[in-house]
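Biologist: Could you show me how to read a few features of a protein model? I am new to this.

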Amino acid sequence: MIDCQRRRQTRFMVMLLPPLLLAGVTPTTAQELSEDQQIAWLKENVIGVRSIDPYDQDFSDLEPLRTALEGVRLVMLGEADHQSGSDFLAKTRLVKFLHQELDFDVLAFEAPLYDMQVARDSLLGGASPQVAMGLGAGTWASAVQMQPLVTYLGEQARGQRPLEVAGFDHQHQIASGYSFISDLTRFMAGRGLGGPLIQRESPEHGVLEALAGAHYQYGLVPRPDLRTRKSFLAAVEETVTEVSGMPDERAAQWEQILRSLACHTRFVMRDPEIGTCHRDEQMAENLLWLANERYPDRKIIVWLATMHGIRAPEAPSFLSDHPMVASVFPSMGESIGKAMGSANFVIGVTSHRDPGAG
């Protein structure tokens, strides 16, 4: 735990522990502090760092990571929630360290698989990094504390040692609303594929438009009847089968996007008649696809909420019993840990403001 510079009076912790991190209750007396098992656990598993200034590139305080990350090709950087500016600053400095010192060159966000592909292509095409990242990672892109990272991604996209962006969530957000339908239609038509997904008057096309625009997710339109839900999923799965036989990278990208779309449909509809899909399980599948298929020889940084990276079975009891852990279990981190073993490592960042700081 450190005092942040710039008079922010912000404190944060980096947990160098493969399973997880989580903040707990705060004891109120010295006696309680000395006896509290969470405090004891933290003392054993926390390494303090000097600065969370993303422009501070004296990385000597982060050097313990060099040894800890030997043989690791996927590092998860967790944050307490998606609104913690201090976490963003700390993680940006960690991203720079991992990129510049340890040769990690892919940054995968807890953001839509398709939307982040659009962001990547936009960055490579020379678009403003604020615009490009806004299309893909809208949750973070507009935050003031994210601008050092957004700028860095723009600088590095076409640099000598590019840092490439990706996404692994099954959801659809900003870019999907603008271009998902046209991109999918162009791809399928170019490969001689047809079917109701790209037939503008079909009920299935209407479902696709609503999913791409996040209309069902936010209750903007009524959900389709059961027959249409089933026919839509059948059309998606038929297209996946057709695309799976195509050997090129573009087809492989669309195959995974469509697999993810099938999960997203079940996730949004929440209808036992068409089956269910667990978000963390699909995010794990998408991330493993990135690691094993899209970037098999590269080292990946994963930007996500710590709760998705947690490995509950390996946690101390005061963490694994926590209701928030139960809500995401089986977590993405648990699935990734089983698949990648010691090649996966979790770093959790959390922060708070000192109530006496004025």
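Modeller: Happy to; we will look at two helices and a surface patch.
This is a predicted model, in which local features need pLDDT of at least 70, side-chain atom pairs count only at pLDDT 80 or more, and totals for chains, interfaces and linings use all residues. Residues are numbered from 1 along each chain as its sequence is written, and side-chain values use heavy atoms, with hydrogens and water left out.

Biologist: What span does helix 12 reach from its first C-alpha to its last?

Modeller: Helices are DSSP runs (H or I, at least four residues), numbered from the N terminus. The expected span is 1.5 Å times one less than the number of residues. Helix 12, residues 249-269, has 21 residues and reaches 30 Å, close to the 30 Å expected. At its N-terminal end, D248 acts as a cap, with a side-chain oxygen 3.4 Å from the backbone nitrogen of R250. Just after helix 12 comes R270, with a positive phi of about 50 degrees.

Biologist: Is helix 12 mostly covered or uncovered?

Modeller: Buried means under 20% relative accessible area (1.4 Å probe, protein chains only). In helix 12, 17 of the 21 residues are buried, so the helix is mostly covered.

Biologist: Why is helix 5 described as largely enclosed?

Modeller: Because 10 of its 12 residues are buried, the rest of the structure largely encloses helix 5. Among the buried ones are L113, Y114 and M116. Helix 5 covers residues 113-124 and reaches 17 Å, close to the 16 Å expected. G126 follows helix 5 and has a positive phi, near 95 degrees.

Biologist: Where is Y218 placed?

Modeller: Y218 is in the loop between helix 10 (203-212) and helix 11 (226-244).

Conventions
Helix = DSSP H or I, 4+ residues; strand = E, 2+ residues; numbered from the N terminus. Buried < 20%, exposed > 50% of the residue type's maximum accessible area, 1.4 Å probe, protein only. Polar contact = N/O pair within 3.5 Å; in protein donor to acceptor, adjacent residues only side chain to side chain.
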